Amino acid sequence: MNPTISITLLLTVFQVAWGQKVTSLTACLVDQSLRLDCRYENTTTIPIQYEFSVTRETKKHVIYGTVGVPEHSYRTRTNLTSKNNIKVLYLSGFTNKDEGTYTCELRLSGQPPTISNMNVAVLRDKLVKCEGISLLTQNTSWLLLLLLSLPLLQAMDFISL
């Protein structure tokens, strides 16, 4: 076998096997909507398939995604935003009936398919308001910009420490 083909094949297998991983799944409440933040690492250019689901009493219910078919009762209640390795799902009209174990699952197509997921238990009475979640966990770029600009601001006598 040609060494170039062997290396290319090995790199493709490595990329598929280690290309994506769910790093965190958090839940919070925005007004009357449940918000699920699914953060992940993605080191591949292969499109990621995803699925949000909830398990109640050992039964899995697909809420949203590109893998399974979402149940009819969730189709009009969900909204997804996706950017910078985070998928944010909103489930409107969240009630005690929607409590359960929520899962964010990512899949890369390939042979065999690679699956990464994470779960979070959601109880309405235990949910925090999304405004209560630290800005540092949401986006640290503003803090980094502030820290990098301090010497410039000091040099120009805008601030003194």
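The legends below describe close-up views of salt bridges in a predicted model.

**View 1. The salt bridge between R35 and D37.** In this view R35 pairs with D37, and the closest N and O atoms of the two residues lie 2.8 Å apart. R35 has a relative accessibility of 14% and is therefore classed as buried, while D37, whose relative accessible area is 0%, is likewise buried.

**View 2. The salt bridge between D37 and R39.** Here the side chain of D37 meets that of R39, with an N to O distance of 4.0 Å, and the pair is counted because the rule admits a side-chain nitrogen of Arg within 4 Å of a carboxyl oxygen of Asp. R39 counts as buried at 18% relative accessibility, since the class takes in values under 20%.

**View 3. The network that links R35, D37 and R39.** Taken together, these three residues are joined by salt bridges into a network, in which D37 has R35 as one partner and R39 as another. As a general point, side chains that carry opposite charges can pair when their charged atoms come close.

**View 4. The salt bridge between E105 and R107.** The side chains of E105 and R107 form a further salt bridge, for which the N to O distance is 2.6 Å. E105 is buried, having a relative accessible area of 9%, whereas R107 is partly exposed, with a relative accessible area of 26%. The salt bridges shown in these views belong to a count that comes to five by the rule applied here.

Terms used. Residues numbered from 1 in each chain as written. Predicted model: local features only at pLDDT ≥ 70, side-chain atom pairs only at ≥ 80, totals over all residues. Heavy atoms only, no water. Buried < 20%, exposed > 50% of the residue type's maximum accessible area, 1.4 Å probe, protein only.
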